[in-house]
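Colleague: I am new to this structure. Please take a close look at the strands, how they are ordered, and what packs on them.

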Amino acid sequence: MTKSLPYSLFHEYYYQWSLKKKFTSHSHALYEIYYFHGGKGDFLLGGDSIALQPGDLIIMDGLAPHGPKVQAGDEYVRSMFQFDPSVIRYFDERLHGFNPLLPFERLLHCHIRLAGEYKAEFEDILQRLNRFYVQRDKISSSRFLMAFYDMLIFIYSRCERQLEKAARPASEKERSVREVVSFIEHRYAEDITLDRLEKQVYRSKQYLAKIFREATGMTIIDYLHRRRINHAKLLLSLDRTSSVTDVCYEVGFKNLSHFSRLFKEQEGVSPERFKRLARQAGENG
C-alpha cells in the first residue's frame with residue numbers, strides 16, 4: 001500500500017481487510033493495534049482466547065504470543081497496525097504531551113470492547129487515518145500523523161481504569177526480552193554489546209540471544225541496527241541541516257560504510273538517496 005510519509009510509520013497496515021490467510025500465534029518487538037469490524041473468530045492473546053465481537057479493540061506490545069483464529073468460510077473483517085514506538089516518542093517530545101504509549105508499556109496487552117459513541121468515534125478515527133495514509137502531499141502526511149496520535153490518545157482514555165491497576169504479570173522469558181527492548185530503546189545510540197546486556201539484565205548472553213530470537217524473529221544486534229536506522233530515517237527526513245555522516249554517528253554507528261550498507265539493505269535505497277527523496281517530497285508537498 002502507498003506510504004504517506006518519507007519514512008514508514010507502520011510496519012504492517014490493514015484497513016477493513018477481509019482477506020484470509022493462514023495465521024499462527026507469533027510475537028514481535030513492535031506495538032500493535034487490532035480492531036475487529038465484523039464477522040466471526042477468536043483472538044489468542046497470551047494465555048487468553050477472546051471471542052471477537054464488532055467493536056473489539058486490542059492493543060499489545062507485541063511480545064506476548066498472539067494471533068487470530070478464524071474458521072474457513074466465516075466472515076472476518078479487521079484493521080491492524082504494527083508500529084515502532086520510537087516514531088511516536090520522537091514526535092511526542094516535541095508536542096510536550098503526556099506519554100500516549102503508556103497503555104502499551106504498562107498493560108503490555110489489553111482488550112477493550114467499544115460500543116455506542118466510543119465505537120463510532122474510533123471508527124471515525126480509522127477512516128480519517130486511512131484517508132490520509134494514501135495521500136503523498138506534506139499536509140496529508142502531517143494530518144495522518146495527527147490522526148494516529150489522536151487514536152493513541154483515544155486508546156489512553158479507554159485504558160485509564162486499567163492503568164490504575166497493576167500490569168499483568170509476564171513470564172520470566174517475556175520480562176527478559178522486554179528488559180532488552182527497553183534498554184535498547186533508551187540507549188540505542190550508545191555502544192551496546194551482548195556482554196553489556198548480560199550485565200544489565202542479569203541473564204547470560206547466550207540465553208538472551210536465544211529467547212530474543214524466539215520472541216522477535218531477529219537477533220538482538222539486528223534489532224539494535226533496525227532501531228538505529230529507524231531513527232536515522234526520521235533525522236534524514238526532518239533535519240535538513242544534518243549530513244548523512246552526522247546522522248550515522250548520532251544514531252550510534254561508528255562506521256559510515258557499515259551504516260550505509262545496513263540502511264540500503266533495510267530500506268532499498270542508500271541514506272543519501274533517502275535524504276534526497278525526503279527533501280523532494282517536502283518541496284513538492
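Modeller: What follows covers the sheet, strand by strand, and then the helix on it.

This is a predicted model, in which local features need pLDDT of at least 70 and side-chain atom pairs count only at pLDDT 80 or more, while totals for chains, interfaces and linings use all residues. Residues are numbered from 1 along each chain as its sequence is written, and side-chain values use heavy atoms, with hydrogens and water left out.

The open sheet has 5 strands, ordered S1-S7-S2-S5-S8, with antiparallel pairing. Strands are DSSP runs of E with at least two residues, helices runs of H or I with at least four, numbered from the N terminus; two strands pair if DSSP finds at least two bridges between them. Strand S1 (10-17) and strand S8 (109-113) are at the edges with a single partner strand each, so one side of each has no neighbour in the sheet. On average, neighbouring strands are turned by 15 degrees against each other, direction ignored.

At the S8 edge, S5 is the antiparallel partner over 5 bridges. Within this pairing Asp-56 is opposite Arg-113 in S8.

Helix H4 (residues 138-163) packs on the sheet and touches S1, strand S2 (31-39), S5, strand S7 (76-83) and S8, where contact means heavy atoms within 4.5 Å. The directions of H4 and S8 make about 90 degrees, on axes fitted to C-alpha atoms, for helices over the stretch in contact, with angles from 0 to 180 degrees between N-to-C directions.

As for confidence, pLDDT (the predictor's confidence in each residue, from 0 to 100) has a mean of 87 over the protein chain, and 90% of its residues reach 70 or more. Strand S5 (residues 56-60) is highest at 97, and helix H1 (residues 85-95) lowest at a mean of 68.
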